[in-house]
Amino acid sequence: MNRNRTLRLLLALVSSISFSLTVCRATPPVTNAQSDSASSTSANKAQADVSECAKEPFTYDNGPLGQSHWCGACNLDTSKLQAPININTKAARPDGSLPSINFSGYKATKLVTSENVHTLKVDYKKGESSITIGKEPFTLVEFHFHRPSEEAINNHRAAMVIHLVHANAGATAYVAVSVLVEEGIPAPKTEALVNKLIRYFPPPNGFQNVPEGVDINAADLLPEGSFPENHNYFRYGGSLTTPACGENVTFYVLKTPIRFSAEQLRQFERRYPFPNARNIQNTNGRPIVQTK
Ligand SMILES: [Zn+2]
């Protein structure tokens, strides 16, 4: 088994050199949580398969571990809600009854970053920060970055995107709030937080980095003027964008981007040099709605 894994890693390494893209063992944003039918043996086996899949190394290139070989639900014919997608703003149906997202449950918390070779991931303990959508609460599990953005708006991908990943009470459904990042002059609160993240990028050693006495607030990554509520978003049903690509994620893509400075974007590129955006997936006619 170990030998097998070593072989796969070697293959991945060769592939990364060939395609100039990243290779690694990566931790997905969250583990798949389709556990509501755990009583049957086949469901248990399926769950185990999904967990195993989520541990496998993968790449974003066209090599043997690349996107077309991702396991779990990523490439099944029956998977109709894969993410990311391109959002055609003219085709997204305006809906005046969509609930607002209330971010006032985002609190200052101790910075905990996880090594993930594809990207920076910031972890949260359960209940440290949360949102409500309408009346339903979701707890912030972690946030991480993609470069460029995975979601496209009218076929445009932003410089980066932040995925703030939240779970419902039973951890059976997830809400990803996508904050698009473009190059420009950052808001002071954003500039300060991003500089902190850059300063405490985790070392590439597979461990968490928990710097002493460093607090952050995810609210500093939200567009100006949207706190505590943001009424402007696109919403669609999707999936995790890393293996096992479980289709239990609702995306709320905020319409207003935030800004990182050119130097901050460069720092991210230096630390995580390879693009980590999954290819745009077919919408398969799924409803995409937007706030008015
Ligand atoms: Zn993501």
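Student: Let me start with strand S11: how many of its residues are buried?

Tutor: Keep in mind that this is a predicted model. To read burial, you count neighbours: a residue is buried if 20 or more other C-beta atoms lie within 10 Å of its own. In S11, 8 of its 8 residues are buried, and the strand is mostly covered.

Student: Which residues of S11 point one way, and which the other way?

Tutor: Met 160, Ile 162, Leu 164 and His 166 point one way, while Val 161, His 163, Val 165 and Ala 167 point the other way. All of them are buried.

Student: Which strands does S11 (residues 160-167) pair with?

Tutor: For pairing, look for bridges between two strands, and check the sense in which they run. S11 and S8 run antiparallel, joined by 7 bridges. S11 also pairs with S12 in the antiparallel sense, over 8 bridges.

Student: Can you give me residue pairs to look for? Which residue stands opposite Glu 142?

Tutor: Val 165 in S11 does. Along the same pairing, Leu 140 has His 166 as its bridge partner in S11. Toward S12, you can find Val 161 with Leu 180 as its bridge partner.

Student: How many residues lie between S11 and S12 in their hairpin?

Tutor: There are 6 residues between them. In the turn, look at Ala 171, which has a positive phi of about 55°.

Student: Now S8. Why is it described as largely enclosed?

Tutor: Again, count the buried residues. S8 covers residues 136-146, and 9 of its 11 residues are buried, so the rest of the structure largely encloses it.

Student: Which strands besides S11 pair with S8?

Tutor: Strand S6 (residues 121-123) pairs with S8 in the antiparallel sense over 3 bridges. There, Val 122 stands opposite Phe 143. Strand S7 (residues 130-133) pairs with S8 over 4 bridges, also antiparallel. Thr 132 has Pro 137 as its bridge partner in S8.

Student: What does the connection between S7 and S8 look like?

Tutor: They form a hairpin with 2 residues between them. Gly 134 sits in the turn and has a positive phi of about 65°.

Student: What about the nonpolar core? How many residues does the largest one have?

Tutor: A core like this is built by joining buried nonpolar residues through C-beta atoms within 7 Å. The largest one here has 63 residues, and Leu 164, Val 179 and Val 181 have the most contacts inside it. Strand S12 (residues 174-183) gives the most to this core, with 7 residues.

Student: Which residues is Val 181 in contact with, leaving aside its neighbours within four places in sequence?

Tutor: Among them are Ala 158, Met 160, Val 161 and Ile 162, along with Pro 257, Ile 258 and Phe 260.

Student: Which strand runs parallel to S12?

Tutor: S17 does, and 5 bridges join the two. Val 175 stands opposite Thr 250 in S17. On S17 you also find S16 (residues 233-238), paired in the antiparallel sense over 6 bridges. In that pairing Arg 235 stands opposite Tyr 252. As for burial, 5 of the 6 residues of S17 (residues 249-254) are buried, so S17 is largely enclosed by the rest of the structure.

Student: How do I read an open sheet? What is the order of the strands in the one with S1?

Tutor: Follow the strands across the sheet from one edge to the other. Here 3 strands come in the order S1-S9-S10, with mixed pairing. S1 (86-87) and S10 (156-157) are at the edges, each with a single partner strand, so each has one side without a neighbour in the sheet. S1 and S9 (residues 152-153) run parallel, with 2 bridges, and Ile 87 stands opposite Ile 153.

Student: Where is Val 214 found?

Tutor: Val 214 is in the loop between strand S13 (208-209) and strand S14 (215-216). It counts as partly exposed, with 15 C-beta neighbours inside 10 Å. Its C-alpha atom is separated by 5.8 Å from that of Leu 111, although they are 103 residues apart along the chain. Not counting residues up to four places away in sequence, Val 214 touches Leu 111, Lys 196 and Tyr 200.

Student: And the chain as a whole: how many helices and strands are there?

Tutor: The chain has 4 helices and 19 strands. Of its 292 residues, 40% are buried.

Definitions and conventions: Residues numbered from 1 in each chain as written. Predicted model: local features only at pLDDT ≥ 70, side-chain atom pairs only at ≥ 80, totals over all residues. Buried ≥ 20, exposed ≤ 12 C-beta atoms within 10 Å, placed from the backbone. Contact = placed C-beta atoms within 7 Å.
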